[in-house]
Amino acid sequence: MRKGRFKKWNFVPIFTLLALALAGCGDPRVSALVPQGSNARESLYLIKLSAYIMFGVMAVVILLLAVVLIRFRAKKDDASIPKQVEGSNLLEFIWTSIPVLIITVLAVVTLNLTFSMAQDHSDDPNALKLEVIAHQYWWEFRYPDLGIVTAQDLYIPAGKKISVELYSADVIHSFWVPALTGKMDTNPGYIKDGIRQNVNRFSFDAETTGVFLGKCAELCGPSHPLMEFKVIALSEDEFNRWAERMKEPPAKAASAQVQAGEQVFQQNCMSCHAVDATDTANRPGPNLANIGNRLTIAGVLPAGTDEERAESLKKWIEEPNRTKPQNDVPGTVVMPPFKDRLNAEQMDDLLRYLMEQKIDVTPPKTAKGN
Ligand code: CUA
């Protein structure tokens, strides 16, 4: 019995470490404790305010308890009953009014910040309009005013409000960039009278330039934990340059090999993927414009160097299920394995072609190089 109890307590430090690891602490790109956007900063302010009030209340209660325990301890041979205080108007007033005061302060601040975060920027001419469409297991980003579609790497101008409309192409997902903003669900929805229903709207910003990690925060299938994306906040000038370059048609194949790769792409990939960012048709697969600059391949495979990028692309194209287990349900759109469909030469040509799909606005490298 004793031994069993000891063993049980052994798990406490393990669970503590696990909790810390799962909280993702240490990586500032994904930490809500290192806010870099106004939503995240306001959330952290609320977290801190409630925590400080809580610690204050705890300190007072523990102090009072200690005083009572020491000062009013029953003396030996003293069997008398202490003074009874029930019905004391003064005491009732004190211990009712203090919590009411605390709750009022918290309510006022919380409401204030909630309304400030919920501000609608959809008619704000200074805000950038963005559509986020979640798919099992990748993210599509559309810039309706710029006429650009991209995926996985979300480019935004730092310091500007991003006015977002979110929905899903399949099940419910949740858009979350801990360092910039809290979560927002993407709902499947439906079209009624030509208007999409169940669309969620909110706005956020990045106060500094940098790369921030985004996560899907709603269990959506076997590859939910791998449904990552990046937010790349550039200075406004750089962002405008990025948008201009993305609008240009893809570069003509420079060599015979790249041309051969283009043919492989057209024969095998083009029914699902576009390489032109201005191709706004609803396609089942992500738009691959600028994939030569993606910070990761398929959201999770490394692409720090050209070798890594080629290796990751190959791994992904050959057997996507090895990287992201997909849905084994008829009717769902999955990336098929191309291991047995392309020979080594075709694969090399295809990789060369995909690596060439990049513009001359390079994303900032993060400390880890991904
Ligand atoms: Cu998408 Cu979890």
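Me: What makes K161 and D205 a salt bridge?
Reply: Their side chains meet with N and O 3.2 Å apart. The cut-off asks for a side-chain nitrogen of Lys or Arg within 4 Å of a carboxyl oxygen of Asp or Glu, so the pair qualifies. Keep in mind that this is a predicted model.

Me: Why say that K161 and D205 tie parts together?
Reply: K161 sits in the loop between strand 4 and strand 5 (162–168), while D205 sits in the loop between strand 10 (200–204) and strand 11. Those parts are 44 residues apart in sequence, so the pair links them.

Me: Why is D205 called buried, and why is K161 called partly exposed?
Reply: Buried means under 20% relative accessible area, and partly exposed runs from there up to 50%. D205 has 9%, so it counts as buried. K161 has 23%, so it counts as partly exposed.

Me: How many salt bridges does the whole structure have?
Reply: A search finds 15. One of them joins the side chains of R201 and E165, at 3.2 Å from N to O. R201 is in strand 10 and E165 is in strand 5, so this pair ties together parts that are 36 residues apart in sequence.

Me: What makes R201 and E165 partly exposed?
Reply: R201 has a relative accessible area of 48% and E165 has 28%. Both values fall between 20% and 50%, so "partly exposed" is the right label.

Me: How do you know that D360 forms a salt bridge with R241?
Reply: Their closest N and O atoms are 4.0 Å apart. The cut-off is within 4 Å, so the pair is counted. D360 lies in the segment after helix 8 (344–356) and R241 in helix 4 (residues 236–247), so the bridge ties together parts that are 119 residues apart in sequence. D360 and R241 also belong to a network of salt bridges that includes E238, R245 and E248.

Me: Why is strand 4 called largely enclosed?
Reply: Strand 4 covers residues 153–157, and 5 of its 5 residues are buried, so the rest of the structure largely encloses it. D153, Y155 and P157 point one way, L154 and I156 point the other way, and all are buried. In a regular strand, side chains do alternate between the two faces of the sheet.

Me: What makes strand 4 and strand 12 a pair?
Reply: Pairing takes at least two bridges, and 5 join these strands, so they count as paired. They run parallel, and Y155 has I232 in strand 12 as its bridge partner.

Me: How many residues of strand 11 are buried, and which strands does strand 11 pair with?
Reply: 6 of its 7 residues are buried, so strand 11 is largely enclosed by the rest of the structure. Strand 11 pairs with strand 6 (residues 173–177) in the antiparallel sense over 2 bridges, with F175 facing C216 as bridge partner. Strand 11 also pairs with strand 12 in the antiparallel sense, over 6 bridges; there, F212 has V231 as its partner.

Me: How do you know that S223 is buried?
Reply: Its relative accessibility is 0%, and the cut-off is under 20%, so S223 is buried. S223 is in the loop between strand 11 (210–216) and strand 12 (228–234). Its side chain reaches the backbone oxygen of P325 at 2.5 Å. Leaving aside neighbours within four places in sequence, S223 is in contact with Y137, K324 and P325.

Me: Which peptide bond at Y137 is cis?
Reply: The one from Q136 to Y137, with omega near 0°. Y137 is in the loop between strand 1 (128–135) and strand 2 (138–143). Most peptide bonds are trans.

Me: What makes the phi of Q152 worth a look?
Reply: Phi is near 65°, a positive value, and Q152 is not a glycine. Most residues other than glycine have a negative phi. Q152 is in the loop between strand 3 (148–151) and strand 4, and at 5% relative accessibility it counts as buried. A298 has a positive phi too, about 55°, without being a glycine.

Me: What makes the surface patch with F11 nonpolar?
Reply: F11, I14, F15, L18 and L22 make this patch of about 560 Å². Phe, Ile and Leu are on the list of nonpolar side chains, so the label fits. F11 is in helix 1 (residues 2–22). Patch residues need over 30% relative accessible area, and F11 has 46%, so F11 passes that cut-off.

How values were computed: Residues numbered from 1 in each chain as written. Predicted model: local features only at pLDDT ≥ 70, side-chain atom pairs only at ≥ 80, totals over all residues. Heavy atoms only, no water. Patch = residues over 30% accessible without salt bridge, like charges linked within 9 Å, V, L, I, M, F, W, Y side chains within 5 Å. Areas by Shrake-Rupley, 256 points an atom, 1.4 Å probe, with all protein chains shown as cover. Helix = DSSP H or I, 4+ residues; strand = E, 2+ residues; numbered from the N terminus. Buried < 20%, exposed > 50% of the residue type's maximum accessible area, 1.4 Å probe, protein only. Polar contact = N/O pair within 3.5 Å; in protein donor to acceptor, adjacent residues only side chain to side chain. Contact = heavy atoms within 4.5 Å.
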